[in-house]
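Q: Could you take me on a close look at one helix in this structure and show how it sits among its neighbours? I'd like a connected account rather than a list.

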Amino acid sequence: MSRRTFIGLLAAGEARPEGILDHVEEWHDRYDGPLELHEFLGMTEPEYDRWMRDPKALETILEARRSGRPSAGRGVREARRVGDRIH
């Protein structure tokens, strides 16, 4: 079974940026799988690093994906693959 990542929910308008902390808490407290936190959230490592430095960067990350620009050092195709769903 797959679940939607935070970035996937945010891109679909089904989550708000401040909701990311609930997903981080879920990973720490209840997730028992193989994914690193950035993967669980639906981010590439560079996107996660950027978000850690600047929590307001979520909108910039999404805009880069929507416009087809590389997102924080990775190609858009990789960012979309990581960001949509986890299995």
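A: Happy to; what follows is a walk around helix H2, with the rest of the chain brought in where it helps.

A word first on how far to trust the picture. This is a predicted model, with an average pLDDT of 84 over the chain and 77% of the residues scoring at least 70. Helix H2, residues 20-29, is a good place to look, since among the elements of the chain its mean pLDDT of 97 is the highest, while strand S2 (residues 85-86) has the lowest, 48. Residues 73-77 fall below 50 in pLDDT, although in the model this stretch makes eight contacts beyond near neighbours in sequence. Where pLDDT is low, the predicted coordinates should not be read in detail.

For orientation, the chain has six helices and two strands, arranged from the N terminus as β-α-α-α-α-α-α-β. Of its 87 residues, 38% are buried. Among contacts with a separation of 6 or more, 47% join residues 24 or more positions apart.

Now to H2 itself. Its buried residues are Ile-20, His-23 and Val-24. Because these span an arc of only 100 degrees around the axis, they lie on the same side of the helix. On the face turned away from that buried side, H2 carries the exposed residues Leu-21, Asp-22 and Asp-29. As for what the inner side meets, the buried residues of H2 pack against S1, helix H1 (6-11), helix H3 (37-41), H4 and H5.

Two of those buried residues, Ile-20 and Val-24, belong to the largest nonpolar core, a set of twelve residues. The other members are Phe-6, Ile-7, Leu-10, Leu-37, Leu-41, Met-43, Tyr-48, Trp-51, Leu-58 and Leu-62. H1, H2, H3, H4 and H5 are the elements that each give two or more residues to this core, and H1 gives the most, with three. This fits a broader pattern: in soluble globular proteins, nonpolar side chains tend to be buried together.

H2 also has a charged link to strand S1. The side chains of Glu-26 and Arg-3 form a salt bridge, with an N to O distance of 4.0 Å. Since Arg-3 sits in strand S1 (residues 3-4) and Glu-26 in H2, the pair ties together parts that are 23 residues apart in sequence. Both partners are partly exposed: Arg-3 has a relative accessible area of 23%, and Glu-26 has one of 25%.

The chain has five salt bridges by the rule used here, and two others help to set this one in context. Glu-47 and Arg-65 meet through their side chains at 2.6 Å, N to O. That pair links distant parts of the chain, with Glu-47 in helix H4 (residues 45-53) and Arg-65 in helix H5 (residues 58-67), 18 residues apart. Here Glu-47 and Arg-65 are both buried. H4 and H5 are also among the elements against which the buried residues of H2 pack. The other pair is Glu-59 with Arg-66, at 3.3 Å, N to O. Glu-59 counts as partly exposed at 46% relative accessibility, and Arg-66 is partly exposed as well, with a relative accessible area of 46%.

To bring the view back to H2: Ile-20, His-23 and Val-24 are buried, Leu-21, Asp-22 and Asp-29 are exposed on the face turned away from them, and Glu-26 shares a salt bridge with Arg-3.

Terms used. Residues are numbered from 1 along each chain as its sequence is written. This is a predicted model: local features need pLDDT of at least 70, side-chain atom pairs count only at pLDDT 80 or more; totals for chains, interfaces and linings use all residues. Side-chain values use heavy atoms; hydrogens and water are left out. pLDDT is the predictor's confidence in each residue, from 0 to 100. Helices (H or I, at least four residues) and strands (E, at least two) are DSSP runs, numbered from the N terminus. Contact means heavy atoms within 4.5 Å. Buried means under 20% relative accessible area, exposed over 50%, partly exposed in between (1.4 Å probe, protein chains only). The arc is that of the directions from the helix axis to the C-beta atoms. A nonpolar core is a set of buried Ala, Val, Leu, Ile, Met, Phe, Trp, Tyr and Cys residues joined through side-chain atoms within 4.5 Å.
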